[in-house]
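Student: I've just opened this model and I'm a bit lost. Could you take me through one spot slowly, then show me what else is worth a look?

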Amino acid sequence: MRKQTKLVAVLSAAALLAIGASMTSFAASGKWVEENGTWVYYNRSGEKVTEEWAKSGDYWYWLNEDGEMATNTLVEDDNNRYYVNENGTMVQNRWVSIENEDYDDEPMNYWYYFGANGKAYKSTTNSNNASFKTINGKKYIFDDEGKMLYGWINLYGEKETGDEAWQNGVFYCGDENDGAQKAGEWAYLDIIDNTYDSVSPGTSSPNTFDDEDQTRWFYFKTNGRKMTGEKGKTINGKKYSFDEYGRMNAEWVYYANSTATATPVETATGSDGLAGQGTKNYTTGFRYYGDPESGARKTKGWFQVVPDSYLNVSDYDDDADAWYYSDKDGKLVASEMKTINGKKYAFNEYGKMQSGLKAVKFVGTSTTDIDEIKGDDKVPGLPFDTEENFKASVSGLYAAGYKLYYFGASSDGAMKTGKQNVTIDGDTFTFLFNKSGSFKGQGKFGLDDHKYYAGGMLMAAAREDRYAVVKLVQDASGNYKAITLMTTDDFLSDVRDGSA
């Protein structure tokens, strides 16, 4: 609209004289006469014409109720509206801005467009669908009086107002000085969300927006309708999610793979939205769509963020960020050992990339799906906070089906093999992790090069002892699983009493 020609040019004095000449010579069907500084028109019977159109040359002019040629005014005639400019000429194929005399909350000026016949464009009578007019390649909509509508427009071609306008509107037509329908493009719009602190169907979680006054992205399809209820729509090569009202979702969004749209967290997990936390099926229902300014879904890639409270309430409360990885469908990887760019990584039940020494238990015969990846307070002695706790618990962990792996610290996270220096309680210990085969990455349990390892840790005597004895216990299959590192005195005592 700002690029349109909206004002009618003022004619020069020479042009006015030319009009006067043509008017006075227009005597075949009547006569133009200048009276009291204005023009009037007399028909063949000599009567002054009022409230009718009269022509002079190629132009039409309006005679008002006093018979005077009207200028700079809106003309209502036979349920249609026209506009005559400062020279009295009917305006055609042009935009005109007309002051709103009843200005209050409405715009100061209304825009009208007058077509080739001089009539103002207006809505189609009795139409049940929004009827747009194309002007210079753009689409506009008008009310039944010819006023250009703007802002949010509903399916029936009516302007929506109030706080819920963005919810009820289907089309968006800019502000009062624009009016062009948004189509095949993004729009960053201010809205008021009176329910920002709750989760409604298909929206982002309430953690993302902490105020009812929001500025949100909307996308309008080529037919002008806003995009709604999409969980992964491709736009310019990137995936985006939109709620039921057309807002682009941002940050954490939950939806089940079986549904077409995003799902409120409560629906999937119970009234508190937390019942499913810490399970693979629940975690893999989350997608991450970037911040509210960008919104593109993270797909087949790494990202480091603070989790949503519905994903991991503890880390959310602590404002603790973590590394996550999403697959080609944007689904979080969780409870899995996954190869990424030739390296293996572990992700726990919350989808967090793991680091450091971890005890991993696989599902059945799987080498990727992790039934449990334990740490912190979930298994006594973990995360191996002392050497004593490690030696006391490692054999029991292996007997229970756990295997020890070592993953790079901080942002590394890649599974390590071979000899590694691992720090426990401030002391550094030598570990050995299998380099190849089906047990690749697992802490060595047994002899290697005449040295004994338990869960990867090299068994060595304490500094005050010359040597130590490792006591092995066989399982039902004859494999050595349980171990005890004995001091020399303890070993000799067992020998004397016959228990060794």
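What is the relative accessible area of Asn93?

Tutor: Happy to! Asn93 has a relative accessible area of 47%, so it counts as partly exposed. That label sits between two cut-offs: buried means under 20% relative accessible area and exposed means over 50%, using a 1.4 Å probe and protein chains only. Before you lean on any of this, know that the model is predicted: local features need pLDDT of at least 70, side-chain atom pairs count only at pLDDT 80 or more, and totals for chains, interfaces and linings use all residues. Residues are numbered from 1 along each chain as its sequence is written, and side-chain values use heavy atoms, with hydrogens and water left out.

Now, where is Asn93 sitting? Look in the loop between β6 and β7 (94-99). The β and α names belong to DSSP runs numbered from the N terminus: strands (E) have at least two residues and helices (H or I) at least four. The backbone is the fun bit: Asn93 has a positive phi of about 55° although it isn't a glycine. Most residues other than glycine have a negative phi.

Asn93 has company in this. Asp78 is also a non-glycine residue with a positive phi, near 55°. You'll find Asp78 in the loop between β5 (73-77) and β6 (80-84). Asp78 counts as exposed because its relative accessibility is 66%.

While you're looking at loops, try Asp211, in the one between β13 (185-192) and β14 (213-220). Asp211 is partly exposed, since its relative accessible area is 36%. Another loop residue is Phe439, placed between β27 and β28 (446-448). With a relative accessible area of 48%, Phe439 is partly exposed too. Phe439 and Lys403 are 36 residues apart along the chain, and 9.3 Å separates their C-alpha atoms.

Strand residues have partners across the sequence as well. Thr38 belongs to strand β2 (residues 38-43) and is buried, because its relative accessible area is 17%. From Thr38 to Glu68 you count 30 residues in sequence, but 6.6 Å in space, C-alpha to C-alpha. Over in strand β13 there's Trp186, which is partly exposed at 23% relative accessibility. Its match here is Tyr219: the two are 33 residues apart in sequence, with 4.5 Å from C-alpha to C-alpha.

Next, charges. Side chains of opposite charge can pair when their charged atoms come close. The salt-bridge rule asks for a side-chain nitrogen of Lys or Arg within 4 Å of a carboxyl oxygen of Asp or Glu, and the count by that rule is 10 salt bridges. One of them joins the side chains of Asp193 and Arg247, at 2.8 Å from N to O. That pair links distant parts of the chain, 54 residues apart: Asp193 is in the loop between β13 and β14, while Arg247 is in the loop between β16 (238-242) and β17 (252-254). Asp193 is buried at 5% relative accessibility, and Arg247 is buried at 3%. Add Asp243 and you have a network of salt bridges linking Asp193, Asp243 and Arg247.

For another setting, go to Lys328 and Asp329, whose side chains form a salt bridge at 3.3 Å, N to O. Lys328 counts as exposed, with 60% relative accessibility, whereas Asp329 is partly exposed at 40%. Then there's the pair Glu145 and Lys147, with 3.2 Å from N to O. Here Glu145 is partly exposed at 35% relative accessible area, but Lys147 is buried at 18%.

Last stop: the inside. A nonpolar core means a set of buried Ala, Val, Leu, Ile, Met, Phe, Trp, Tyr and Cys residues joined through side-chain atoms within 4.5 Å. The largest one has 20 residues, and the members touching the most others are Leu357, Phe390, Ile424 and Phe431. At least two residues each come from β23 (356-362), α6 (387-399), β25 (403-407), β26 (418-424), β27 (427-433) and β29 (451-454). Helix α6 gives the most, with 4 residues.
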